[in-house]
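I sat down with this one to look up a handful of things before going back to the bench. These are my notes, in the order I made them.

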Amino acid sequence: MGTPGTPDGGRDELFDRLRGELTTEQVNIAAQLDELEETGGSSGFSDEGFADTAQVSAEQGESRMLAAELRRELDDVEAAIARLAEGNYGSCVVCGAVIPDERLEAMPATKWCIEHATV
Ligand SMILES: [Zn+2]
């Protein structure tokens, strides 16, 4: 006696695919962060041209904001990978409701159902 269409079976495949996407995302974000820290950091190129100082510090401020944003994304992605490993992935952290497949495909790092989404 088979149980056709076991929901778990279908989700395993989806989760495998999403795990791959999340891992790729994790590597990408980490690489971008590395790059930001190298360029936006303390590279002391040319002391001349003090007129550019304002522009340079504006750019540094921008890359700092970008870095903070990337770090937040990286946190979310890493938390999602951890939930996959723990078997909690795909459920809302607030109410425990199953997050619909299409929502997970659109935002693999999400941890909220539509009702509890903050964005
Ligand atoms: Zn919820």
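What follows is my notebook, entry by entry.

**Entry 1: confidence.** I am working from a predicted model, so I checked the scores before anything else. The mean pLDDT over the chain is 85, and 81% of the residues reach at least 70. Among the helices I looked up the two ends of the range: helix 3 has the highest confidence, at 95, and helix 1 (residues 7–39) the lowest, at a mean of 90.

**Entry 2: layout.** I counted three helices and zero strands. Going along the sequence, that reads α-α-α. The chain has 119 residues, and 11% of them are buried. I also looked at contacts between residues at least 6 apart in sequence: 63% of those join residues at least 24 apart.

**Entry 3: the core.** Which residues make up the largest nonpolar core? I found nine: L18, L22, I29, V77, A80, Y89, I99, L104 and A109. Helix 1 and helix 2 each put in at least two residues of this core. Helix 1 gives the most, with three. I then picked Y89 out of the core list and looked up its contacts. Setting aside neighbours within four places in sequence, Y89 is in contact with F15, A80, R83 and L84.

**Entry 4: helix 2.** I ran along helix 2 end to end: it has 34 residues and spans 49 Å from first C-alpha to last, close to the expected 50 Å. Just after helix 2 comes G87, and its phi is positive, near 85 degrees.

**Entry 5: D76.** I found D76 in helix 2, which covers residues 53–86. Is D76 buried, partly exposed or exposed? I get partly exposed, because D76 has 18 C-beta neighbours inside 10 Å, while a buried residue needs 20 or more. I also noted the pair D76 and A109: they sit 33 residues apart in sequence, yet their C-alpha atoms are 5.8 Å apart. A109 had already turned up in the core list.

**Entry 6: C113.** C113 is in the segment after helix 3 (101–106). I put C113 down as partly exposed because 18 other C-beta atoms lie within 10 Å of its own. What does C113 touch, not counting residues up to four places away in sequence? I listed C92, C95, A97 and I99. I99 is one of the core residues from Entry 3. Last, I looked up C113 against V94: they are 19 residues apart along the chain, with 8.3 Å between their C-alpha atoms.

Key
Residues numbered from 1 in each chain as written. Predicted model: local features only at pLDDT ≥ 70, side-chain atom pairs only at ≥ 80, totals over all residues. Helix = DSSP H or I, 4+ residues; strand = E, 2+ residues; numbered from the N terminus. Buried ≥ 20, exposed ≤ 12 C-beta atoms within 10 Å, placed from the backbone. Contact = placed C-beta atoms within 7 Å. Expected span 1.5 Å × (residues − 1). pLDDT = per-residue confidence, 0-100. Core = buried A, V, L, I, M, F, W, Y, C linked by C-beta atoms within 7 Å.
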